[in-house]
Amino acid sequence: MSKVIEINKLNKIYTETAVPVHAVNDLSLSFEQGEFAAIVGPSGCGKTTLLNLIGGLDKPTDGKIWIDGTDITTFSIGQLTDLRLWNIGFVFQAYNLIPVLTARENVEFIMELQHKSKAERRARAEELLVAVGLADRMDVRPSRMSGGQQQRVAVARALASKPKFILADEPTANLDSSSTETLLNIMEELNGKEGTTFIFSTHDSRVMKKARRIITLEDGKVLTDNII
Amino acid sequence: MIISIAWKNIWRNKLRSFVVLFAIAIGLVAGILSVAVMNGALRDRIKIAIKTEIGSIQLHRADYLNNAEPDKTIDNAGEIIKKIEENQDVIAVSGRLKLEAMINGGHGPRGAMVLGVNPDSEKRVSDLYRYIPDSLGGWFNSDLRNPIIISSRLADKLKVGLNNKVQLDFVNKQGEAIAAIFRVCGIFQTNNSIYDEMNVFVENSILQKMLGFDENEFHQIVLLTKEDADLDSISTVLKRKYSAFSINTNTLQNLGNLKVDSSIVDYFSANQDLVSLNYGQMLELLKKTPMVLSLQTQKDILRAFESGITVMTWEDAAPEMALTSYWMDWLLYIFVGIILLALGFGIVNTMLMVVLERVKEFGMLMAIGMNRRRVYLMVVLETVFLSLAGGVTGIVISSILISWLSKSGINLVSLAEGFNSMGYSTLIYPYIGLEDYIKIVIMVILTGVVSALYPAWKAIRLNPADAVRSE
C-alpha cells in the first residue's frame with residue numbers, strides 16, 4: 001500500500017508559554033492508504049498537536065511531513081489551505097457545523113469551495129447523508145439534531161471533498177454510547193467503501209476497539225505503535 | 001452559497017441585528033427627511049422665482065446691467081420678441097420697461113423698481129397676478145386712470161390701500177425728472193418680502209407715453225420656457241444670435257476688475273480693438289487663452305467684453321439660488337455622510353462582537369479549506385447586508401413619509417417672517433429625487449464595506465488550530 005502520510009523527526013515546541021512546551025518530540029510515523037488508526041495517550045501527550053501538524057493547521061518547529069510525497073512543512077498559508085480543502089477531511093470534537101445551513105448544505109459547502117457543479121454537489125451530499133443514516137434529516141439545521149446526528153453530518157462533510165485522509169480529533173468525546181457505536185460503524189463502513197484513511201485522536205476505549213492500528217503517545221513521542 | 005450564508009448569519013442574533021438595523025434606519029430617515037425638506041424648500045423657491053419673479057431667461061442690453069439708465073433699451077426688441085416666440089420650448093415672451101423710481105403715498109418716499117409690463121403677455125410669463133386676492137383688486141382690470149399694482153408690504157409702508165393715489169418720481173428717456181400720480185388697482189403678496197417691497201407694476205403703454213419710449217422699446221425681455229427645456233442650449237442659441245463683444249479700453253477695464261491672471265489680461269490686451277465679435281468668435285478667442293480657465297471665469301470674461309445683448313438664465317440672474325442649488329447636492333453627502341459615519345462605529349462594534357462570538361466557526365471554516373479571502377468576503381458581505389437592510393428600511397420609511405408630506409406639505413407658518421425675508425414659502429413640500437436615493441444606497445454600501453474592514457481583518461488573523469478549539 002502507498003504511504004499517504006510520512007513524518008520524519010517532527011518537533012513542535014510552544015515557546016509562548018512561561019516554560020517552553022515540547023509537545024511533539026522527534027516523532028517519526030507513516031500512514032498508508034485506507035488505514036483506520038487511533039492515536040491515544042494521556043492528556044497533554046501531543047495527540048491534538050500531532051493532528052494539527054499533519055492537517056497543516058500548525059507549523060512544526062522542526063522535522064518534515066510529506067503528504068502523498070510532497071513536503072508540506074515549507075507550504076505557505078494559502079498552500080496549506082488548499083491542501084486541507086483538497087486532501088484532508090476534518091471531524092471535530094464539537095461537531096462545528098455551520099448553524100445557519102441544513103445538513104445537506106453543510107455537506108455541500110466544502111464542495112462549493114472546490115467549485116464543484118450544483119448537480120455534483122447535491123448528488124454527493126445526498127449519497128453521503130444516506131450513507132451516514134440521515135436520509136430523512138437532510139433539510140434540517142444542526143440545532144434541531146442530536147449530537148450524534150450532528151457528528152454524522154460532520155463525517156459526511158469530511159468525506160464530501162473526497163480527501164486522502166480524515167483527521168478526527170476526539171470525535172466521540174461528546175457522544176453517548178449508542179451514538180458512538182453508530183458513528184464508529186458508519187466510519188468503519190465508509191473507510192472500507194471509500195478507501196479513505198481515518199486517523200483519530202481519542203481517549204475512548206470504544207474507538208480503540210474499532211481501530212486497526214493504535215499509536216500510543218507519551219510526552220510527544222511514540223510509545224507504542226500496534227497494528228491489530 | 002457565501003452570499004446566502006452571510007445573509008442568514010445576520011439573522012442569527014435577531015435582537016442585535018434589529019437594533020443596528022433600526023439605528024441605521026432612524027438615522028437615515030432623519031438625514032433624508034432633513035435634506036428633502038431643504039430640497040423641497042429650494043425647489044419651490046426656484047419654481048416661484050422663475051414663474052413669478054425672473055422668468056427662465058432674461059435679455060438686457062449689456063451696459064444696462066452695469067448702469068441701469070433709462071435710455072439703455074434693447075435695440076429691435078419687438079423683432080427679437082417675435083423671433084424668440086417661434087422657439088418650440090418657449091411658452092411666452094414679454095418685454096418690460098424697468099426703471100428705478102421713488103414712490104410716495106403721502107407719508108414719505110421709498111425707493112422702488114417700476115416694471116412697465118404688457119398686462120396680457122406679462123400674465124403668460126409671470127403668475128404674479130395669482131398673488132392678488134379678489135378682495136384686493138386685480139391684474140390691471142379696473143377703469144382707474146394710471147393703474148399701479150403694489151405689494152401689501154409696500155402698501156403698509158406707504159400707508160395706502162386699494163384705489164388710493166401714489167406718486168412716482170422717475171427719470172424719462174432724456175434724463176429729465178418726471179412725477180406722475182398712479183392709483184392702486186391691485187395689491188399682491190408673494191412669499192418674498194424683499195421682492196414685494198421693491199417692485200411695482202404699471203402698464204407699459206402708460207409709461208411709454210409718460211417717459212417718451214417707443215412702443216417696442218424695452219429694458220428687459222423675459223421668457224418662460226417649458227419645465228423640461230434645456231436652458232443652456234436655448235440661451236446658447238440666443239447668445240449666438242444676439243450677443244456681441246468688443247475688446248476696447250472700457251471692456252478691458254471690466255476684465256481688470258475680475259482679478260484674473262495678468263497673462264489673461266495681456267492676452268486680451270494684445271487683441272485690443274476687436275469690435276463686434278460674435279459669440280462663436282469670442283469662444284474661439286477664449287479657447288486660445290494662455291491658461292486653462294474655469295467655466296465661471298470664462299462666463300465672467302464673456303460678460304466683461306459683452307457689448308450687445310446679455311442673455312442670462314435664471315442661474316445667472318439669481319446666482320445665490322444657483323449656488324444654493326449646487327450646495328444642496330453636497331448637503332446630501334454631508335448630512336447623510338455624518339449620520340453614516342456615526343452609525344459606522346456602531347456597526348464596527350457589532351461586527352467585532354460577531355467575530356468574537358464566532359471564533360470557533362471561523363476556525364472551522366479555515367480548517368476545512370475556506371481561504372482567508374473568502375472568510376474576509378463573508379464578513380464584509382454580512383456587514384454590507386446588515387447596513388443595507390437598515391438602509392433600505394430607512395429609505396422605504398423616508399420615501400413613504402416624503403410621499404405623504406409632499407402632498408400635504410409642512411406648514412412652518414410660525415417661521416413666516418424669517419422664511420419670507422429669504423423668499424421661501426412657509427408651506428414646504430419635501431422632495432428627494434431617485435438619483436439621491438441611489439447615492440444614499442451607495443453611501444450605505446460603502447459604510448458597510450468600510451465598517452467591515454477591521455472586524456474582517458480580525459477574523460482572518462485567527463489561527464484555525466486555536467480558533468477551532470476555543471470555547
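## Chain B: domains, a shared strand and a partner

The C-alpha centres of domain 1 and domain 3 of chain B sit 47 Å apart. This is a predicted model, and its domain assignment splits chain B into domain 1 (2–50 + 319–468), domain 2 (57–225) and domain 3 (244–305).

Let's look at strand β2 of chain B, which covers residues 90–104. Here are its pairings:

| Partner of β2(B) | Residues | Sense | Bridges |
|---|---|---|---|
| β3(B) | 109–117 | antiparallel | nine |
| β5(B) | 165–171 | antiparallel | three |
| β8(B) | 220–225 | antiparallel | six |

Some facing residues help you find your way around. Val93(B) stands opposite Leu223(B) in β8(B), Ala101(B) faces Ala112(B) in β3(B), and Asn104(B) is across from Gln167(B) in β5(B). With β3(B), β2(B) makes a hairpin that has four residues in between, and Gly106(B) in the turn shows a positive phi of about 105°.

Now for the neighbour, chain A. On the chain B side 23 residues make contact with 26 residues of chain A. Together the two chains bury about 2,300 Å², with 66% of it on carbon and sulfur atoms. Met1(B), Lys8(B) and Ile368(B) supply 29% of the area chain B buries here, more than any other three residues.

Lys8(B) also forms a salt bridge with Glu105(A), with the closest N and O atoms 3.6 Å apart. How many salt bridges cross this interface? Just one turns up. The largest share of chain B's touching side, six residues, comes from α16(B). By type, that side divides into 12 nonpolar, four polar and seven charged residues.

Conventions
Residues numbered from 1 in each chain as written. Chains lettered and ligands numbered in written order. Predicted model: local features only at pLDDT ≥ 70, side-chain atom pairs only at ≥ 80, totals over all residues. Heavy atoms only, no water. Domains from an automatic or database assignment. Pairing = 2+ DSSP bridges. Helix = DSSP H or I, 4+ residues; strand = E, 2+ residues; numbered from the N terminus. Contact = heavy atoms within 4.5 Å. Buried area = accessible area lost by both parts, 1.4 Å probe. Salt bridge = Lys/Arg side-chain N within 4 Å of Asp/Glu carboxyl O. Nonpolar A, V, L, I, M, F, W, Y, C, P; charged D, E, K, R; others polar.
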